[in-house]
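Colleague: I have the model open and I'd like to go through the labels you put on it. Can you walk me through the reasoning behind them?

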Amino acid sequence: MSDKLREYMLHVPEDFAVRSIERTSLNGTDFIGRNAFHSPLEGFLLARCAYEAKDYIEIGTLFGYSACIAGLTCKGLVHVIDPLIGYYEEGEPDAQTNTIASVEILKENWTRVGLPLERLIIHQQYHPPWPDALKDARFDVAFIDGDHSYEGTLTDWMELKDRVNMYMIFHDTNYEDIQKVIKIAVDDPDWTFYDQVARMLVVRRYSHGGPVSVKDSFGLAWRNSHEPKTKVDHKGR
Ligand SMILES: C[S@@+](CC[C@H](N)C(=O)[O-])C[C@H]1O[C@@H](n2cnc3c(N)ncnc32)[C@H](O)[C@@H]1O
């Protein structure tokens, strides 16, 4: 691992993060389906956020790559919301692997990376609606990677923003619709830009504090459109 990458990882012990990537690597033979990330750094960034977390939730799971990384790094439960019936539609195989996403594959991948099933809570449904079982739930970190439309992503953000204590992670920032929701997120007085690599962008709750963004240590370009605001009114959550 290069010094720059080591620096980037900051507080995440190398073994946690590297293991999270290696064990779910497509280069290995043990992960069914595929990794939907666009750079290994997206995995590192997710691991970096989840490492501080107790409970984690994601909307959009597919074969479980992001869920496994969160499971390997966070301390608590990993909740996933996804119908797990195919690629966006029932029975639709993932075009890249010709594999149909399912609860069974997710559980198999989770087990193959060495995680106990007791820590994986599957909500097998589309969002919305918000699962009844999570009516009063809060989480430290959330990952939005499901519907990808403006309305769907906005609904995910609105439902999660008052339930999440630390970080909210968006994927596929190359979509204009997702950029529009990110703009709403960084303009929210309780939230601010935290970090971005490849097609993953993280916003942080102001009151969480935490380390400043790590992007500069990795020499990543600053995105003007996501300039952090100076601290404004926060509600002390
Ligand atoms: C890009 S994939 C997720 C990739 C996954 N995060 C990973 O790391 O491999 C998107 C997933 O979201 C699911 N999905 C689509 N619309 C959804 C919705 N409204 N609620 C929950 N999941 C949804 C799809 O079926 C698909 O499994």
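Modeller: Sure. A residue is called buried if 20 or more other C-beta atoms lie within 10 Å of its own. By that count, 41% of the 237 residues of the protein chain are buried. Keep in mind that this is a predicted model.

Colleague: What makes M168 buried or exposed, then?

Modeller: M168 has 26 C-beta neighbours inside 10 Å. The cut-off for buried is 20 or more, so M168 counts as buried. M168 belongs to strand β5, residues 164-171.

Colleague: Which residues is M168 in contact with, leaving aside neighbours within four places in sequence?

Modeller: A142, I144, L160, K161, A185 and V203. A contact here needs C-beta atoms within 7 Å. As for W157, it is eleven residues from M168 in sequence, with 8.4 Å between the two C-alpha atoms.

Colleague: Why is Y88 called partly exposed?

Modeller: Exposed takes 12 or fewer neighbours and buried takes 20 or more, with partly exposed in between. Y88 has 15, so it gets the middle label. N98 has 8 C-beta neighbours inside 10 Å, so that one counts as exposed. Y88 is in the loop between β2 (78-81) and α5 (103-112), and N98 is in the loop between β2 and α5 too.

Colleague: What is phi at Y88, and what is it at N98?

Modeller: Near 70° for Y88, positive in a residue other than glycine. For N98 phi is near 55°, again positive in a residue other than glycine. Most residues other than glycine have a negative phi, and most peptide bonds are trans.

Colleague: Speaking of peptide bonds, which one leading into P128 did you flag, and what is its omega?

Modeller: The bond from H127 to P128, which is cis with omega near -5°. The bond from P128 to P129 is cis as well, with omega near 5°. P128 lies in the loop between β3 (120-123) and β4 (139-144), and P129 is found in the loop between β3 and β4.

Colleague: Why do you say helix α4 is largely enclosed by the rest of the structure?

Modeller: Because nine of the nine residues of α4, 65-73, are buried. The buried ones include Y65, S66 and C68.

Colleague: Which residues come nearest to the ligand?

Modeller: A36, G60, Y65, S66 and G146, out of 20 around the ligand. Sorted by class, that shell has eleven nonpolar, six polar and three charged residues.

Colleague: How are the strands ordered in the sheet?

Modeller: The seven strands form an open sheet in the order β3-β2-β1-β4-β5-β7-β6, with mixed pairing.

Colleague: What makes β3 and β6 edge strands?

Modeller: Each has a single partner strand, so one side of β3 and of β6 (191-197) is left without a neighbour in the sheet. From one strand to the next, the twist averages 20°.

Colleague: How do you know that β1 and β2 pair?

Modeller: Pairing takes at least two bridges. Four bridges join β1 (56-59) to β2, and the two run parallel. Within that pair, E58 stands opposite V80 in β2.

Colleague: Which helix packs on the sheet, touching β5, β6 and β7?

Modeller: That's α7, residues 176-187, and its direction makes about 135° with that of β6.

How values were computed: Residues numbered from 1 in each chain as written. Predicted model: local features only at pLDDT ≥ 70, side-chain atom pairs only at ≥ 80, totals over all residues. Near = placed C-beta within 6 Å. Nonpolar A, V, L, I, M, F, W, Y, C, P; charged D, E, K, R; others polar. Contact = placed C-beta atoms within 7 Å. Axes fitted to C-alpha atoms, helices over the stretch in contact; angles between N-to-C directions.
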